[in-house]
Amino acid sequence: MVSFRELSIHFDATKGKKQREFATAVFKSKVKSAQAVLKGFNIRYSDGDRHILEQEIDLDIEKIEGNTVKVAADFLLRDSSGHIDDRFQGWVQCVVIANT
């Protein structure tokens, strides 16, 4: 049986590194396999306008254990200087599709 769960993952204002946060989807029965797909996102600089060099949002299944699926999200916004020296923040929405 295929089941779906929607997750929201929030990222606080950070600079100097790519951010990685986690969320967990809980299903009614044991999960055999799962994938996470991007539903929506908001990514922005915290302190004003910058020229954008790179945006990255990457979703991975970190762990499947019983009826839970742990999703990891990588989140990056880099300006044209090539350094991650400006604060950025936002959120990611994903859908976890599980074979239960």
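Which residues does Leu 59 touch, not counting residues up to four places away in sequence? The side chains and backbone around Leu 59 bring it into contact (heavy atoms within 4.5 Å) with Ala 36, Val 37, Leu 38, Val 71, Ala 72, Ala 73, Val 92 and Cys 94. The model described here is predicted, so to speak only of its computed values: local features need pLDDT of at least 70, side-chain atom pairs count only at pLDDT 80 or more, and totals for chains, interfaces and linings use all residues. Residues are numbered from 1 along each chain as its sequence is written, and side-chain values use heavy atoms, with hydrogens and water left out.

**The two sheets**

Strands here are DSSP runs of E with at least two residues, numbered from the N terminus. Two strands are taken to pair if DSSP finds at least two bridges between them. In general, the strands of a sheet pair through backbone hydrogen bonds, either parallel or antiparallel.

One open sheet consists of three strands in the order E1-E6-E3, with antiparallel pairing. Its edge strands, each paired on one side only, are E1 (2-14) and E3 (33-45). Neighbouring strands of this sheet are turned by 15° against each other on average, direction ignored; the axes are lines fitted to C-alpha atoms, and angles run from 0 to 180 degrees between N-to-C directions.

A further open sheet, also of three strands, has the order E2-E5-E4 and antiparallel pairing. Here E2 and E4 (52-65) are the edge strands, each pairing on one side only. The twist in this sheet averages 20° from one strand to the next.

The table lists strand pairs with their bridge counts and one facing residue pair for each.

| Strand pair | Bridges | Facing residues |
|---|---|---|
| E3 and E6 (88-99) | 12 bridges | Gly 40 and Gln 93 |
| E4 and E5 | 12 bridges | Asp 58 and Asp 74 |
| E1 and E6 | 11 bridges | Arg 5 and Val 96 |

**The nonpolar core**

A nonpolar core is a set of buried Ala, Val, Leu, Ile, Met, Phe, Trp, Tyr and Cys residues joined through side-chain atoms within 4.5 Å. Buried means under 20% relative accessible area, exposed over 50%, and partly exposed in between, with a 1.4 Å probe and protein chains only. The largest such core has 24 residues, of which Leu 7, Phe 27, Leu 59, Val 69, Val 71, Phe 88 and Val 96 touch the most other members. At least two residues of this core come from each of E1, E2 (19-26), E3, E5 (68-79) and E6. E5 supplies the largest share, six residues.

**Leu 38 and Arg 78**

Leu 38, one of the residues touched by Leu 59, is found in strand E3. It counts as partly exposed because its relative accessibility is 43%. Not counting residues up to four places away in sequence, Leu 38 touches Ile 57, Leu 59, Val 92 and Gln 93. Leu 38 and Gln 93 are 55 residues apart along the chain, and their C-alpha atoms are separated by 6.3 Å.

Arg 78 is found in strand E5. Its side chain reaches the backbone oxygen of Gly 82 at 3.2 Å. With residues up to four places away in sequence not counted, Arg 78 touches Tyr 45, His 51, Ile 52, Leu 53, Glu 54, His 83 and Ile 84.

Notes
Helix = DSSP H or I, 4+ residues; strand = E, 2+ residues; numbered from the N terminus. Polar contact = N/O pair within 3.5 Å; in protein donor to acceptor, adjacent residues only side chain to side chain.
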